[in-house]
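Work through these exercises with the model open. Each task is followed by its solution.

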Amino acid sequence: MNVAVASEPTAAADLGAVFHLQREAARREISVAAAVRKDRLRRLLALVTDKTPDFEAAIDADFGHRSRHETRLAEAFVVESAIKHALRRLDRWMRPKRIATELPFWPGMNRLMPQPLGVVGVISPWNYPLQLTLAPVVGALAAGNRVMIKPSELSPHFAHLLASAVGERYAADEISVVVGGADVAQGFAALPFDHLVFTGSTRVGRLVAEAAARNLTPVTLELGGKSPAIVDRSADLAVAAQRIAYGKLLNAGQTCIAPDYVLCPRGQEESFAEHFFRAAHRLYGTDPQNPDYTAIVSDAHYDRLAALLAEAHDKGARSDARTSQAETWKRLRKFPPNLVFATTDAMRVRQEEIFGPILPIVPYESAAEAIAFVNARERPLALYWFGRDGAAREHVLRETVSGGVTVNDCLLHIAQENQPFGGVGASGMGAYHGEWGFRTFSKEKPVFYRPRASGTRLLHPPYGARFESLLALLRRVT
Ligand code: NAD
């Protein structure tokens, strides 16, 4: 098992050279057979399966400590499932789709023909490096594309392992991994890709969209934001708190779709806290050495979380962590779960995506107030609703807009390969996963087949009475 980090970032000239190699190959092979796509997907499946222990070790090294079980479940398993899903359905996805034809064009025929776009760029973050790098690659390969990948510089062990594993199994014109920091990322985003997928922060997402716009490169932006968990009065508080604790504490809260804050019926905050800590301690215990609980990725990220809490305290908030061994937590760069009460909009915990195990509890009186709270902010990547009252649930679903929703649990909508995954507004644009990824990375080319006998010639010049009566007829029947 090799977790050494090679130090050389990819040079700008090499970036361009790899891109041109891939582009040439893509332009030579416009039509990519199902067998070729499946072979590339199968090699990816074998790569993930064979290298899972190495990925676990690499990601563990990148985080300081990352639960190997969580790497296996939330990363390797998710990617393997996505590949198997695609392999099973690829023939159907690739088939040109029959599309209805409007009456004036009968008996003509419409077909929607999916074609590879060419070269797809993937820029990925550090928090689930394996999943968020390879899940878009699954869609891109299924759609017949060449792929260039730029993983995060904050997961260097992972990035170098991926680069060498991909190098062993793919030609450079099929998939290439480039490594390096923000300068390499900038050069990468400036390449004239046929499509660019970026997963990361909203701030960098804007920069990527700007760079891509110069090349008219379409983008899928998978960004972050503050995802609410709404606990309805009809909810079983113990069950809701337990599921919110899992959703928040997986990967120590460093999850794009983690519940960022809880909207809790006023008066039930303390009871929620009791249930939350009971669940948190059942999941991860109280000892910072617990190997199931993941560390914060860097000192800077750790300090930022500590600063968020300190600022909230200074401005009058109260936090509850129910823990001891402060020094050990800090030495292991593990951040204990913290609930925060009496927050206000003036505090950073209410302004910034938290991205760690800090959970503000925001009390509300009425469902309308909870909905207004969500709608007064940027559109979130995820929304969670807990309760038993169907009418209240449908009301919240109708009156809020978010990237996705899980009802009565957290996170699970991302695992639905049959549904699109993506943000809206500040939480992103476009979507992928399953067939939605295949379609995102394909040019769906509409083709109209003119029938041998067609009346459309009757609408050509010279215009006159025939034209007028035919147009009048068409206006009546369409
Ligand atoms: P980040 O935006 O700091 O970095 C993401 C990637 O962008 C890295 O590979 C980095 O090298 C690259 N990058 C940096 N500067 C760049 C530039 N100028 N041009 C092009 N690329 C550049 O994000 P992060 O800290 O790695 O990840 C955390 C964020 O990602 C959080 O906001 C989280 O919510 C979000 N996220 C979203 C999803 C999703 O699916 N929507 C998933 C995971 C994380």
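**Exercise 1. Sort the residues that line the largest cavity into nonpolar, polar and charged.**

Solution. The model is predicted. Start with the lining of the largest cavity: nine residues are nonpolar, five are polar and one is charged. Next, take the volume, about 110 Å³. Then look at the centre. Of the 15 lining residues, Ala135, Val138, Glu417, His433 and Gly434 are the closest to it. Glutamate counts as charged, so Glu417 is the one charged residue of this lining.

**Exercise 2. Find which helix gives the most residues to that lining.**

Solution. Three helices supply at least two residues each: helix 3 (68-94), helix 4 and helix 14 (434-440). Helix 3 gives the most, with five.

**Exercise 3. Describe the lining of the second largest cavity.**

Solution. First, the volume: about 90 Å³. Second, the classes: seven nonpolar residues, four polar and one charged. Third, the names. Among the lining residues are His281, Tyr284, Arg322 and Trp329. Arginine counts as charged, so Arg322 is the charged one here. Last, the main contributor: helix 9 (residues 269-284) gives the most, with three residues.

**Exercise 4. Trace the open sheet of six strands and find its edges.**

Solution. Read the strand order: 5-4-3-6-7-15, with mixed pairing. The edges are strand 5 (175-177) and strand 15 (428-429), each paired on one side only. Now place helix 4 (residues 129-142). Helix 4 packs on the sheet and touches strand 3 (119-123), strand 4 (146-150), strand 5 and strand 6. The direction of helix 4 makes about 170 degrees with that of strand 4. Helix 5 (residues 156-169) also packs on the sheet, touching strand 4 and strand 5.

Key
Residues are numbered from 1 along each chain as its sequence is written. This is a predicted model: local features need pLDDT of at least 70, side-chain atom pairs count only at pLDDT 80 or more; totals for chains, interfaces and linings use all residues. Side-chain values use heavy atoms; hydrogens and water are left out. Two strands pair if DSSP finds at least two bridges between them. Helices (H or I, at least four residues) and strands (E, at least two) are DSSP runs, numbered from the N terminus. Contact means heavy atoms within 4.5 Å. Axes are lines fitted to C-alpha atoms, for helices over the stretch in contact, and angles run from 0 to 180 degrees between N-to-C directions. On a 1 Å grid over the protein atoms alone, a cavity is a set of points where a 1.4 Å probe fits but cannot get out, and a pocket is an open set with protein on both sides within 12 Å along at least five of seven lines; lining residues have an atom within 4 Å of a point. Grid points are joined across faces, edges and corners, and a volume is the space filled by probe spheres set on the points.
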